[in-house]
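Please read the following report alongside the sequence and the three-dimensional view. It is written for a reader who has not met this structure before.

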Amino acid sequence: MLKLPKTLLSAIALGSLLLNGAAQAAEPVVTLKLAHFLPAHSVTQAQFLEPWAKRITAQSDGRIQFQFYPSMQLGGTPPQLVDQVRDGVADIVWTLPGYSSGRFPLTAAFELPFMSSSSEASSQAMWDFIQKHGQEEYADMHLLAAHLTDGALVHTTGKPIHTLKDFRGQKLRAANRTAAKTIGLLGATPVAMPVPQVPEALSKGVVDGAVLPWDVVPALKLHELVKYHTETAPGTPALMHTALIVAMNKDTYNNLPDDLKKIIDENSGRELSREAGHIWDNQVVETGHKLAQSRNNEVYVLPAEEQAKWAKATSRVSDDWVKQVEDKGYENGEALLEDARQLIEHYNAQLKR
């Protein structure tokens with residue numbers, strides 16, 4: 001067997017290192033700025049966005065990295081996140097389409113009162129619905145996921161909400177136009193504001209409570225600011241849900257090499273939407289209950305008879321949605337609403353198998 005001189009072996013090894021280095025240099029690292037409005041320790045970042053980002057970094061062999069900007073660290077206000085991703089201030093955002101009033105009417109179908117009992121099922125339904133009917137709403141960004149939080153419930157400071165009459169005289173925080181209409185029909189006064197403003201508003205008595213999902217309770221320490229929580233029974237439709245999206249700047253996505261685009265694609269879409277819904281259905285509600293109980297707060301489960309009264313009182317919100325989408329040029333709003341409901345039922349049935 002031919003033995004090569006040590007100097008030649010060293011030269012070969014050095015050449016190999018140089019070639020590998022050159023190959024790596026030809027594949028620059030892409031760092032994506034990811035912005036949202038909640039703290040870094042929130043469910044959103046710690047349990048959803050960070051694990052997702054780590055998967056993509058691992059699958060890309062480190063060629064895609066993420067820099068997180070929680071709590072609006074890139075500036076602006078939560079309603080501006082949609083424009084920040086469109087304009088390239090952020091590469092990726094997690095945000096509420098409902099903060100941008102009127103810009104995402106089809107997405108708002110999934111925020112209608114008593115529409116859904118499962119975030120996991122309805123998040124998949126919402127993704128399909130947007131792909132089928134609502135892509136125009138996201139034409140100026142690259143949509144990665146669309147999901148629902150756990151169901152919103154009523155959190156109050158001074159008195160519990162057990163019946164419709166208990167809403168009278170109460171000022172309650174609302175997330176968007178749909179929530180404001182719902183709260184008004186229940187008999188309270190809606191006060192619109194982004195989530196980060198809620199703790200101060202409660203502390204100063206600007207509002208008497210808030211309609212919010214359990215998921216923001218730990219981040220806002222809401223359980224320390226209110227005494228009462230009123231929710232619908234497990235397995236029944238929630239008062240309402242909040243729609244969220246993960247969206248990417250179109251130019252950022254389009255400028256990625258094809259192999260990196262493929263990794264992004266394989267980690268987004270309906271499956272990422274389902275994963276988010278599953279997190280909010282399971283981990284979030286249990287944590288919220290424990291925190292409320294740690295303060296000896298009342299967690300009241302709405303009886304079926306009273307829930308039916310609330311559903312009847314708010315049914316007009318769905319009628320208004322049909323008119324709104326038709327006014328925006330969509331044909332047959334009733335058919336669109338029925339399609340959304342059928343998609344939800346389809347994925348609910350899959351979960352029960």
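The report goes from the overall chain to its strands, its salt bridges, a charged surface patch and two loop residues.

## Basis and overall form

This is a predicted model, in which local features need pLDDT of at least 70 and side-chain atom pairs count only at pLDDT 80 or more, while totals for chains, interfaces and linings use all residues. Residues are numbered from 1 along each chain as its sequence is written, and side-chain values use heavy atoms, with hydrogens and water left out.

The secondary structure of the protein chain amounts to 13 helices and 11 strands. Helices (H or I, at least four residues) and strands (E, at least two) are DSSP runs, numbered from the N terminus. Along the principal axes, the C-alpha atoms of the protein chain fill a box of roughly 95 × 50 × 45 Å. The protein chain has 353 residues, of which 51% count as buried. Here, buried means under 20% relative accessible area, exposed means over 50%, and partly exposed lies in between (1.4 Å probe, protein chains only). The areas themselves come from the Shrake-Rupley method with a 1.4 Å probe, and for residues only the protein chains shown count as cover.

## Strands β3, β4 and β10

Strand β3 comprises residues 92-95, and both of its faces are covered. I92 and W94 are buried on one side, and V93 and T95 are buried on the other. Two strands are said to pair if DSSP finds at least two bridges between them. Strand β1 (residues 30-35) runs parallel to β3 and is joined to it by 2 bridges; I92 in β3 is the bridge partner of L34. Strand β10 (residues 243-248) pairs with β3 in the antiparallel sense, over 4 bridges. In that direction, I92 stands opposite M248 of β10.

β10 also pairs with β4, again in the antiparallel sense, over 6 bridges. One of the bridge partners is L244 in β10, which is matched with H147. Strand β4 covers residues 142-148, and 6 of its 7 residues are buried, so this strand is largely enclosed by the rest of the structure.

## Salt bridges

A salt bridge is a side-chain nitrogen of Lys or Arg within 4 Å of a carboxyl oxygen of Asp or Glu. A search of the whole structure finds 15 salt bridges, among them the following.

| Salt bridge | Closest N and O atoms |
|---|---|
| D87 and R86 | 3.0 Å |
| E200 and K204 | 2.7 Å |
| K323 and D327 | 3.0 Å |

D87 is exposed, with a relative accessible area of 52%, whereas R86 is partly exposed at 34%. These two residues also belong to a network of salt bridges that links D83, R86, D87 and R103.

E200 is partly exposed, with 48% relative accessibility, and its partner K204 is exposed at 61%.

K323 and D327 both lie in helix α12, where they are 4 residues apart, about one turn of the helix. Both of these residues are exposed.

## A negative surface patch

Which residues form the negative surface patch? They are D319, E326, E334 and E338. Patches are made of residues with over 30% relative accessible area and no salt bridge; like charges are joined within 9 Å, and nonpolar side chains (Val, Leu, Ile, Met, Phe, Trp, Tyr) within 5 Å. Helices α12 (316-327) and α13 (333-352) each supply at least two residues of the patch. E334 is found in helix α13 and is partly exposed, with a relative accessible area of 48%.

## Two loop residues

S100 has its place in the loop between β3 and α4 (119-133). At 8% relative accessibility, S100 counts as buried. S100 and N176 are 76 residues apart in sequence, and their C-alpha atoms are 8.3 Å apart in space.

G75 lies in the loop between β2 (64-69) and α3 (81-87). With a relative accessible area of 28%, G75 is partly exposed. From G75 to A35 there are 40 residues in sequence and 9.8 Å in space, C-alpha to C-alpha.

How values were computed
Lys and Arg count as positive and Asp and Glu as negative; His and the chain ends are not counted. The place of a charge is taken as NZ of Lys, CZ of Arg, CG of Asp or CD of Glu.
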